[in-house]
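Trainee: I have a protein model open and would like to work through it. Where do we start?

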Amino acid sequence: MRSPFWMWIILALLVIALLVMFVLLYRTKLNNLYLIRKSQVQDDDLFRKLYNKSPIMMHSIDMDGNLVYVNDYWLKMLGYDRSEVIGRKSEYFFTGEIKENYKKIFRQLLDDGKIRDFQARMKKQSGEEIEVLLTAELAHDQRGVPTHAYTILMDISERVRAEKLLLEGKHKLNSILNNAVEAIFVLQDFRIQYANPATVDILGYTLEDLEQFPFQKILFDDDKEWILNNYERRMRQEDVPQKYSFRVKRKDETVIWIEINAVYLKWDEKPAILVFLVDITERKTQEEQLREQAEELKKTNEQQAEMNKKLQDKNKALDEHQVELQEYADELKAVLEEVAIKNERIERAHRDMMDSIEYAKLIQEAILQTSYELEGVFDHFVFYKPKDIVSGDFFFFKKFKDVYLFAVADCTGHGVPGGFLTMLGINLLQEVVTKNNVKEPDVVLEILREKVKHVFKHSRHHDGMDIALAAYDRKEFTLHYAGANMNAIIIDNNEETILKPVHNPIGYYVQENQFEKQCIQISGSETLYLYSDGFKDQFGGEKGRKYQFRRFKEFLLANYKAPMSTQKELIDQEYKQWKGSQPQLDDITVMGVKLN
């Protein structure tokens with residue numbers, strides 16, 4: 001039986017409709033791939049510009065040790081053109097230990113995946129050598145195969161030279177002080193800050209006794225008041241006699257006469273007095289004897305004149321000796337000034353190093369900004385306070401069609417090592433949710449864990465991160481959450497809901513548990529809080545204890561109705577008030593988002 005004509009028409013229309021839908025879906029897919037690729041190219045261009053303009057020497061080598069890329073500062077410091085170095089063995093540009101043991105050190109890089117703070121020497125095109133601090137880390141492809149190594153080289157030549165000069169200055173100073181026959185010590189805050197060996201012979205105390213020894217304890221009671229008054233006036237740089245004599249008590253309580261020659265100076269950048277002591281007890285005794293003899297021999301002018309001459313000769317000898325002591329004090333003061341200049345050189349080298357770390361902070365902030373697109377999408381705040389210049393914490397936001405991902409992560413360590421891990425963590429998380437198009441938090445964490453383990457697979461290092469990850473479906477009004485060792489809190493109608501994590505980190509762990517997803521229905525008035533443990537673990541308060549999770553939760557519950565910008569200010573005030581004079585222990589990140 002033949003089919004009616006109208007059935008063939010309907011079948012043809014259905015086939016045409018299916019073809020049109022297929023074409024539309026294919027064009028949408030191509031458009032999405034184009035937008036993703038464009039974003040990746042922009043991110044790569046930004047990273048390359050920051051890399052090339054960095055004031056730190058950087059280069060990349062392949063697995064045969066050949067240079068594949070060097071930045072502008074590397075070329076400037078060593079004096080080469082780019083065409084002279086690309087493709088050459090990197091060992092050619094090193095001297096000393098790293099040159100002799102290059103294969104062994106390169107093997108260590110392949111085995112451990114990284115080299116940290118290795119001091120080496122590099123040679124310029126001119127033949128001059130510079131000291132560098134080398135840090136290197138392997139990069140892998142998606143299969144986990146190492147493809148090349150990134151290397152950072154920090155010029156520390158000035159610091160090494162300054163340390164050598166300072167050491168020479170200290171040896172010279174110690175030699176002068178230790179070989180002096182006069183007692184020499186430094187007074188500061190009424191205590192002896194330094195004493196040379198000759199002080200032991202005069203006062204009878206050991207060097208250990210004299211460390212931080214109260215100056216007034218050696219003074220004879222009848223002389224104590226005016227001696228301390230002279231000390232205070234000299235510290236105020238008033239006009240005080242430079243040398244005078246008085247009595248002191250030795251350790252065995254015997255009283256001796258000493259003559260002091262004092263000079264005002266800076267010790268450890270604080271006002272102090274450099275003191276030279278001479279035991280004049282014998283002279284005082286002789287003077288007393290001479291006076292007694294003079295009284296007895298008043299009747300004989302010749303004998304009186306002879307005695308006077310003896311006394312004058314002794315005084316002249318002592319005066320000449322005091323002139324020598326003054327010259328000696330001037331020389332010692334010049335040595336101390338030389339040491340201060342060398343200290344300034346070391347501080348300048350330290351400032352240069354800190355400038356380099358500050359630039360690393362700019363790179364980290366730039367990478368965070370590429371992930372931070374919350375403005376105009378949700379009412380929110382981010383309280384972000386690194387412990388050091390660069391942070392081991394990071395925060396993350398990604399928008400899909402109707403689903404929004406929020407994350408806060410705490411990487412192992414802080415400072416520069418933590419900063420490296422944050423850049424690795426952000427890139428891997430971006431790769432999971434963008435390239436793999438994964439939005440389910442538990443699945444994201446499972447894939448992220450495998451990628452981090454891939455990075456450290458050669459060393460099975462326990463570096464990694466804790467992370468709280470939430471996916472908000474604005475269309476279905478549902479919040480999906482999964483966490484690795486990090487809680488999240490939702491507050492609404494004066495009640496809080498604690499979203500608990502699986503107690504496993506992202507990375508290698510003794511017993512790995514599967515990450516679990518929690519699902520919560522959202523009414524549209526809730527506030528979501530994600531946070532690292534730096535705030536709740538901070539020591540402070542009147543008793544110097546930890547802030548703790550209970551107090552942190554109560555603080556959020558008391559202030560969640562305030563505008564988000566106000567909440568950020570309140571968190572800052574609460575942290576500063578609690579911390580007081582205690583040092584910051586860890587990086588701190590708190591993210592708050594109104595789920596409207």
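**A helix and a sheet**

Mentor: This model is predicted. Start with helix H9, whose buried residues are Asp 223, Ile 227, Leu 228, Asn 230, Tyr 231 and Arg 234.

Trainee: How wide an arc do the buried residues cover around the axis of H9?

Mentor: They lie on the same side of H9. That is because their arc around the axis is only 160 degrees.

Trainee: Which strands do the buried residues of H9 pack against?

Mentor: Contact here means heavy atoms within 4.5 Å. By that test, the buried residues of H9 pack against strands S7, S10, S11 and S12.

Trainee: How far apart are the end C-alpha atoms of helix H9?

Mentor: H9 has 15 residues, 221–235. At 1.5 Å a residue, the helix should span 21 Å. The model agrees, with the end C-alpha atoms apart by 22 Å.

Trainee: Now the open sheet. Which strands stand at its edges?

Mentor: Five strands form this sheet, in the order S14-S15-S16-S17-S20, with antiparallel pairing. An edge strand has a single partner, so one side of it is left without a neighbour in the sheet. Those strands are S14 (393–399) and S20 (518–521).

Trainee: What is the bridge partner of Ala 409 in S16?

Mentor: Strands S15 (403–411) and S16 (465–473) pair in the antiparallel sense over nine bridges. In S16, Ala 409 has as its partner Ile 467.

Trainee: Which helix packs on the sheet?

Mentor: Look for a helix touching S16 and S17 (478–484). Its direction makes about 150 degrees with that of S16. Residues 441–455 form this helix, H13.

Note on methods: Residues numbered from 1 in each chain as written. Predicted model: local features only at pLDDT ≥ 70, side-chain atom pairs only at ≥ 80, totals over all residues. Heavy atoms only, no water. Helix = DSSP H or I, 4+ residues; strand = E, 2+ residues; numbered from the N terminus. Expected span 1.5 Å × (residues − 1). Buried < 20%, exposed > 50% of the residue type's maximum accessible area, 1.4 Å probe, protein only. Arc of directions from axis to C-beta. Pairing = 2+ DSSP bridges. Axes fitted to C-alpha atoms, helices over the stretch in contact; angles between N-to-C directions.
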